[in-house]
Amino acid sequence: MAIEKEFPMTLAGKEKLEQELEQLKTVKRKEVVERIKIARSFGDLSENSEYDSAKEEQAFVEGRITTIENMIRNAKIISEDELDRDTVSLGSSVTFVELPDGEEETYTIVGSAEADPFEGKISNDSPIAKSLIGKKVGDKVIVQTPGGEMNVQIVTIK
């Protein structure tokens with residue numbers, strides 16, 4: 001039997017996934033079934049783009065439900081008590097400045113399940129997070145990104 005992948009996340013991240021799962025199961029599933037029913041009423045299914053679109057959406061919704069259920073089942077909750085305030089780790093909020101004269105940037109390092117770069121939450125699997133994990137305030141770090149090397153200095157860890 002294959003070993004299930006653990007999904008590290010905060011309690012808030014798990015709750016967000018549980019809310020999304022509930023929405024998909026109770027609302028979205030019903031909406032898609034209704035779309036399929038309406039599309040079937042149009043007649044010939046072989047050339048019915050509405051039906052094809054609804055079936056594709058149904059497959060996506062069911063796939064997302066399965067994915068979220070797996071993530072929740074294999075969630076490893078990172079609690080505030082486990083965090084080392086002196087070094088960057090999963091759950092840390094890190095502020096760094098790009099050297100030599102860049103602006104300060106702050107990111108929270110989270111598990112891949114709850115990553116959202118637009119909210120400043122980056123995956124622990126991202127190049128920036130991988131480079132920062134284990135480092136301390138004042139450390140200078142070379143981050144390998146798809147766009148090239150970036151030199152940063154850690155300013156704060158929360």
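## Two domains and a bent helix

Domain 1 and domain 2 bury about 610 Å² between them, with 54% of that on carbon and sulfur atoms. On the domain 1 side, Pro8, Thr10 and Lys16 give up the most area to domain 2, together 51% of what that side buries. Keep in mind that this is a predicted model.

**How the domains sit**

- The protein splits into domain 1, covering 7-77, and domain 2, covering 80-157.
- Domain 1 puts 10 residues into the contact, and domain 2 puts in eight residues.
- Taken over C-alpha atoms, the centres of domain 1 and domain 2 are 33 Å apart.

**What the record says**

- An unreviewed UniProt entry places the feature "domain: Transcription elongation factor GreA/GreB N-terminal" at residues 8-77.
- In the model, residues 8-77 come out as 79% helix and 7% strand.
- The end C-alpha atoms of that 8-77 span lie 6 Å apart.

**A look at helix 1**

- Helix 1 runs over residues 11-40, so at 1.5 Å a residue its 30 residues should span 44 Å.
- The end C-alpha atoms of helix 1 are 42 Å apart, which agrees with that expected span.
- There's a bend in helix 1 of about 40° at Leu24.
- Leu24 is also one of the buried residues of helix 1, along with Gly13, Leu17, Leu21, Val32, Ile36 and Ala39.
- What do the buried residues of helix 1 pack against? Their partners are strand 1 (7-9) and helix 2 (49-73).

Key: Residues numbered from 1 in each chain as written. Predicted model: local features only at pLDDT ≥ 70, side-chain atom pairs only at ≥ 80, totals over all residues. Heavy atoms only, no water. Helix = DSSP H or I, 4+ residues; strand = E, 2+ residues; numbered from the N terminus. Expected span 1.5 Å × (residues − 1). Bend = angle between axes of the 7 residues up to and from the residue. Buried < 20%, exposed > 50% of the residue type's maximum accessible area, 1.4 Å probe, protein only. Contact = heavy atoms within 4.5 Å. UniProt positions renumbered as here; feature names shortened; annotations may be inferred. Domains from an automatic or database assignment. Buried area = accessible area lost by both parts, 1.4 Å probe.
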